[in-house]
Amino acid sequence: MNWQESFKSKLMTAQDAVRLIKSGDRVVLAHCVSEPTALVDAMVDNAESYRGVEISHMFSLGEGRYCNEEYKEHFHPNLWFLSGQTRKCVETGWGDFTPLFFHEIPGLMRDGTIGVDVALIMVTPPDEKGRMSTGVSGDYTIQAVKSAKTVIAQVNENVPFTYGDAVFNVDDIDVFVEANTPLPTLPEARIGETEELIGKNCAELIKDGDTLQLGIGAIPDAVCHQLLHKKHLGIHSEMLGDGVVKLYEAGAIDNSLKGIDKGKFVFNFVMGSKELYDFCHKNKDCLLMGVDYVNNPAVIAQNPNVVSINAALGVDFYGQIAADTIGYKQFSAVGGQVDFIRGAAMCKTGNGKAIIAMPSVAKKKDGTMISKITPILAEGQVVTTSRHDADYVVTEYGIAKLKGKTVRDRARALIDIAHPEFREELKESFKKMFNVEY
Ligand code: COA
């Protein structure tokens with residue numbers, strides 16, 4: 001049978017495809033933009049046929065209907081990262097959260113710690129050789145295809161064909177469902193005065209030729225705005241976002257000085273605008289790879305001058321960074337934060353920088369302002385990045401270098417970049433905690 005015949009023989013409707021899911025199975029959904037919404041919708045519509053189907057994935061932009069309490073008997077969400085739609089089922093106690101370093105997930109699938117019964121993924125239509133790309137998601141999706149007992153793929157013309165390790169043959173996939181659903185896009189991040197100042201402070205730490213990792217949102221985009229005049233920057237990043245494309249178009253990125261994958265953008269997922277997805281399409285300079293490669297600290301460290309930039313919810317005087325819980329409440333997950341902080345620390349030239357960039361204050365639901373720099377983390381708040389890993393913290397008020405500093409000097413450096421309204425209060429706490437004047 002040639003690939004065309006094989007492809008045709010595996011075509012089904014979404015309704016028939018999801019009947020292959022059995023009660024008690026673990027279903028892994030492809031990550032983020034790659035979530036195959038036609039399959040997920042059909043699965044939830046078929047909920048009555050299942051008991052205790054475990055659903056696992058990282059970040060989701062989807063509706064997350066399987067997390068609604070009405071489906072409690074049918075689905076058991078066991079999630080690796082929480083977002084708006086999926087947070088409530090964990091908060092109310094019937095869904096679960098499993099903490100994992102992002103780069104470890106494929107290895108845990110390989111050794112069977114995370115068993116995958118069914119993988120629901122999304123791919124491009126086959127090219128002239130019968131190859132398909134998962135396009136916007138390499139991360140754990142590549143390994144899920146390899147590990148799953150059954151792979152069901154939504155074939156979608158809107159997925160870019162991205163090169164790298166995320167390319168499969170018709171033979172690698174069991175079932176195809178054609179559905180050209182639009183890919184989710186993110187609106188352009190709103191960069192206010194605070195983000196602009198944070199961007200400027202981060203940019204002070206970045207030199208020509210550095211290899212960058214940038215996360216999602218207004219702060220990474222604000223950093224990119226400040227780097228337009230740089231030269232020979234490289235990208236080895238968990239996520240590829242719009243800010244990076246703008247930098248490339250301005251001539252600041254050429255990936256020429258990277259220590260590994262020279263000349264290439266390396267990333268494990270893509271999230272942003274339609275223009276970003278078009279940029280990836282059949283672009284020989286883009287490599288979409290598995291997270292066990294991209295986020296592996298030993299791989300990251302093969303690049304010279306790695307600078308990672310990630311966000312946080314809070315930092316305490318010890319330099320303990322909280323980025324995934326608010327008090328006892330699980331808010332997101334570690335994702336790739338620690339992977340990149342360690343990769344930067346291990347960087348082969350010995351001068352990597354791991355930056356945590358965040359506004360100095362947050363607004364609570366009732367509108368009151370709270371300092372994100374505190375003497376100790378709030379009760380219940382877990383440490384995402386330990387004080388031993390913490391390197392730089394940047395706010396709109398400046399840069400605090402923590403690595404190599406005593407506990408007291410760390411606290412002083414952090415107070416110096418706290419919001420002015422909170423500095424006196426923080427200095428009082430400093431005196432009480434350390435029995436010395438600030
Ligand atoms: N105490 C209480 N609430 C706080 C808070 C604090 N110290 N800090 C922030 N908040 C609130 C904010 O007010 C906001 O509330 P809202 O949703 O009602 O507006 C909410 O928490 C989110 O804060 P925000 O600063 O907007 O977060 P963000 O969307 O920029 O995300 C992280 C920040 C840290 C949660 C996110 O970057 C993350 O999950 N990081 C870990 C994963 C990672 O770093 N991955 C690697 C890069 S891809």
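Asn295 is buried, at 0% relative accessibility. The model is a predicted one. Asn295 sits in the loop between helix 11 (291-294) and helix 12 (297-300). The side chain of Asn295 has polar partners. One is the side chain of Asn268, at 3.0 Å. Another is the side chain of Asp339, at 3.2 Å. Leaving out residues up to four places away in sequence, Asn295 touches Phe102, His103, Glu238, Asn268, Ile300, Gly336, Asp339 and Phe340.

**The two domains**

How is the chain divided into domains? The assignment gives domain 1 (3-178) and domain 2 (193-434). Their centres, taken over C-alpha atoms, are separated by 29 Å. To the contact, domain 1 gives 34 residues and domain 2 gives 33 residues.

About 2700 Å² is buried between domain 1 and domain 2. Carbon and sulfur atoms give 68% of that area. Which residues of domain 1 lose the most area to domain 2? They are Phe102, His103 and Tyr163, together 24% of what the domain 1 side buries. Phe102 and His103 also appear among the residues that Asn295 touches.

Polar pairing runs across this interface too. There are 14 residue pairs in polar contact between domain 1 and domain 2, counting pairs with both residues at pLDDT 80 or more. On the side of domain 1 that touches domain 2, helix 4 (87-91) and helix 5 (105-110) are the elements that give two or more residues. The residues of that side divide into 20 nonpolar, nine polar and five charged. Two salt bridges are found across the interface of domain 1 and domain 2.

**Salt bridges**

Side chains of opposite charge can pair when their charged atoms come close. How many salt bridges does the structure hold? The count is 20. Four of the pairs are listed here.

| Pair | Closest N to O distance |
|---|---|
| Asp16 and Arg19 | 2.4 Å |
| Asp45 and Arg65 | 3.1 Å |
| Asp292 and Arg110 | 3.1 Å |
| Lys246 and Glu188 | 3.7 Å |

Take Asp45 and Arg65, whose side chains meet in a salt bridge. Asp45 lies in helix 3 (residues 37-45), and Arg65 lies in the loop between strand 2 (53-56) and strand 3 (75-79), so the pair ties together parts that are 20 residues apart in sequence. Is Asp45 buried or exposed? Asp45 counts as exposed because its relative accessibility is 58%, over the 50% cut-off. Arg65 is partly exposed, with a relative accessible area of 22%. Both residues belong to a network of salt bridges that links Asp41, Asp45, Glu63 and Arg65.

Next come Lys246 and Glu188, whose side chains also meet in a salt bridge. This pair links distant parts of the chain, 58 residues apart. Lys246 is in helix 9 (residues 242-249). Glu188 is in the loop between strand 9 (175-178) and helix 7. Glu188 counts as exposed, at 65% relative accessibility. Lys246 is partly exposed, at 42% relative accessible area.

Asp16 forms its salt bridge with Arg19. Asp16 is partly exposed, with a relative accessible area of 36%.

**Two buried sites**

Helix 7 covers residues 193-203. Which of its residues are buried? They are Glu195, Ile198, Gly199, Asn201, Cys202 and Ala203. The cover over these buried residues includes helix 8 (218-225), strand 14 (306-310) and strand 19 (353-357). It also includes strand 23 (392-395) and strand 24 (398-401).

Ala119 is in strand 5 (residues 118-123). Ala119 is buried because its relative accessible area is 0%, under the 20% cut-off. What does Ala119 touch, not counting residues up to four places away in sequence? The contacts are Val28, Ala144, Ala148, Thr150, Val151 and Ile152. Ala119 and Arg26 are 93 residues apart in sequence. In space, they are 8.6 Å apart, C-alpha to C-alpha.

Terms used: Residues numbered from 1 in each chain as written. Predicted model: local features only at pLDDT ≥ 70, side-chain atom pairs only at ≥ 80, totals over all residues. Heavy atoms only, no water. Helix = DSSP H or I, 4+ residues; strand = E, 2+ residues; numbered from the N terminus. Buried < 20%, exposed > 50% of the residue type's maximum accessible area, 1.4 Å probe, protein only. Contact = heavy atoms within 4.5 Å. Domains from an automatic or database assignment. Buried area = accessible area lost by both parts, 1.4 Å probe. Salt bridge = Lys/Arg side-chain N within 4 Å of Asp/Glu carboxyl O. Polar contact = N/O pair within 3.5 Å; in protein donor to acceptor, adjacent residues only side chain to side chain. Nonpolar A, V, L, I, M, F, W, Y, C, P; charged D, E, K, R; others polar.
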